[in-house]
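The following questions ask how each description of the model is justified. Each answer sets a computed value against the definition of the term.

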Amino acid sequence: MNGPLQKGDIIGNRYEIEKYLDKGGMQYVYVANDKITGRKVALKTPQNASATKRFRRSAIVAAKVNHPNVAKTLDYVKDGENRYLIEELISGKDLRTALLDKADFTDPYLAAKIFHHLSKGVAAAHHAGVIHRDLKPTNVMVVGDFSLQELKITDFGIAKMAEEVLQEAVDGGEASMTTSQTAVGALPYMAPEAIEDPKNVRSPADIWSVGAMMYHLMTGDYPFGQGLKAVPKIMRAEKPSIPSFVTTNPQFSPLACEIMKIIFQCLEKEPSNRPTADALVSMCSGLCYTVDSREYGEVNEFRYNAYGFITSKNGNVFFHKDSVYGRLPSVGEKVIFSSYRSGNAPRALPVVALKK
């Protein structure tokens with residue numbers, strides 16, 4: 001196993017470690033300074049020494065993908081017995097931390113934007129002959145949180161490693177599926193064929209994963225649940241129900257219904273019945289969504305169960321209950337919203353209550 005790196009360590013006579021950043025299911029991640037270019041980069045190294053060969057294989061494959069919605073693989077370094085993957089450093093957070101840890105779900109406008117960018121990143125990878133195999137919220141980085149200034153799919157560099165680790169978990173039975181960090185995180189978004197035969201996963205499995213993620217973002221629920229109880233439902237590809245709030249508000253229902261229709265196409269049991277990544281890009285291109293920035297605020301007043309006001313950094317903002325996606329926030333609750341001018345006063349649309 002690679003030993004822990006310390007600030008000031010030099011890797012490959014080029015990359016100087018600045019700080020430890022994170023630990024994923026199979027790798028340690030550091031921030032390093034490229035002494036040649038002066039650029040800050042993400043330096044990744046496998047947790048398990050047995051993974052070093054497949055780490056190199058995966059790095060070579062991932063380097064083929066070049067797209068704004070995919071974190072770029074920049075270099076691969078062998079330093080003694082250790083291996084390091086050098087990747088574009090993204091100054092953001094993963095999708096779970098940035099969005100799902102703060103709100104139960106995202107409104108259809110933001111969901112459509114995420115769907116569109118995800119599909120474009122996956123399509124670029126599939127054009128390069130690269131399958132991710134482990135798409136989940138923690139492998140999607142966003143800059144700007146709810147304003148979503150950038151979205152990049154990361155960890156294509158460990159795609160092959162993920163395949164082998166998932167195969168080991170499947171072969172190991174129930175104990176392995178519940179103790180493998182990679183398997184536990186991936187399971188709610190895994191396609192039936194990925195559970196049944198991880199070694200022979202093809203590109204439609206990524207499409208399923210994108211659909212499962214989008215269902216989670218739109219509804220706040222996993223499409224098939226979590227843990228081993230989800231496996232039979234995934235294998236049967238049982239169509240999950242749609243919470244009533246997704247489709248009952250006329251302000252959001254047209255776009256929400258379009259998104260859910262595409263999601264269910266991604267969740268078809270038969271891989272050949274799912275759209276290709278290119279078809280998914282085309283579908284998402286037809287979604288009409290706003291790209292306005294979002295801001296945080298607090299509800300300070302709510303009158304007649306119909307309208308209220310949000311305190312924001314720019315002053316009071318009016319909102320109507322029909323502009324709220326999901327449950328109505330109470331006075332004193334934090335919300336995320338976009339605002340626009342209406343007459344002489346700003347109005348909020350959409351409004352989503354944050355977790356209490």
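**Values against definitions**

Q: Why does E87 count as buried?
A: The relative accessibility of E87 is 2%. Buried means under 20% relative accessible area, exposed means over 50%, and partly exposed lies in between (1.4 Å probe, protein chains only). E87 is therefore buried.

Q: How do you know which parts of the model such statements may rest on?
A: This is a predicted model, in which local features need pLDDT of at least 70 and side-chain atom pairs count only at pLDDT 80 or more, while totals for chains, interfaces and linings use all residues. Residues are numbered from 1 along each chain as its sequence is written, and side-chain values use heavy atoms, with hydrogens and water left out.

Q: What makes the pair K44 and E87 a salt bridge?
A: The closest N and O atoms of K44 and E87 are 2.9 Å apart. A salt bridge requires a side-chain nitrogen of Lys or Arg within 4 Å of a carboxyl oxygen of Asp or Glu, so the pair qualifies. The structure holds 15 salt bridges.

Q: What makes K44 and E87 a link between distant parts of the chain?
A: The two residues are 43 apart, with K44 in strand β4 (residues 40-46) and E87 in strand β6 (residues 82-88). Strands (E, at least two residues) and helices (H or I, at least four) are DSSP runs, numbered from the N terminus. K44 is also buried, at 5% relative accessibility.

Q: Why is the pair E193 and R274 called a salt bridge?
A: Their closest N and O atoms are 2.7 Å apart, and E193 thus forms a salt bridge with R274. This pair too links distant parts of the chain, 81 residues apart: E193 belongs to helix α7 (residues 192-196), and R274 to the loop between α11 (253-266) and α12 (277-285). E193 is buried, with a relative accessible area of 17%, and R274 is buried at 5%.

Q: How do you know that R303 and E301 form a salt bridge, and are these residues buried or exposed?
A: The closest N and O atoms of R303 and E301 are 2.3 Å apart, and the pair is a salt bridge. Neither extreme applies: R303 is partly exposed at 34% relative accessibility, and E301 is partly exposed with a relative accessible area of 26%. Elsewhere, salt bridges that share partners join K44, E87 and D155 into one network.

Q: Why is the count of disulfides what it is?
A: A disulfide is a pair of cysteine sulfur atoms within 2.5 Å, and by this rule the count comes to zero. C284 is in no disulfide, since the nearest cysteine sulfur, that of C266, is 7.4 Å away. C284 is buried, with a relative accessible area of 0%, whereas C257 is partly exposed at 39%.

Q: What makes β1 and β5 edge strands?
A: Six strands form an open sheet in the order β1-β2-β3-β4-β6-β5, with antiparallel pairing. In this sheet β1 (10-11) and β5 (73-79) each pair on one side only, and they are the edge strands.

Q: How do you know that β5 and β6 pair?
A: Two strands pair if DSSP finds at least two bridges between them. β5 and β6 are joined over six bridges in the antiparallel sense, so the criterion is met. The bridge partner of V77 is Y84, in β6.

Q: How do you know that the length of helix α3 agrees with expectation?
A: The expected span is 1.5 Å times one less than the number of residues. For the 20 residues of α3 (residues 108-127) this gives 28 Å, and the end C-alpha atoms are 28 Å apart, which agrees. The helix is mostly covered, with 17 of its 20 residues buried, and is followed by G129, whose phi is positive, near 80 degrees.

Q: How do you know that the span of α11 agrees as well?
A: Its 14 residues should span 20 Å, and its end C-alpha atoms are 20 Å apart, which agrees. The buried residues of α11 include L255, I259, I263 and C266. What covers the buried residues of α11 includes α3, α8 (204-219), α10 (244-248) and α12, judged by contact (heavy atoms within 4.5 Å).

Q: Why is V143 called buried?
A: V143, in strand β8 (residues 140-143), has 10% relative accessibility and therefore counts as buried. Not counting residues up to four places away in sequence, V143 touches I90, S91, G92, L148, Q149 and E150.
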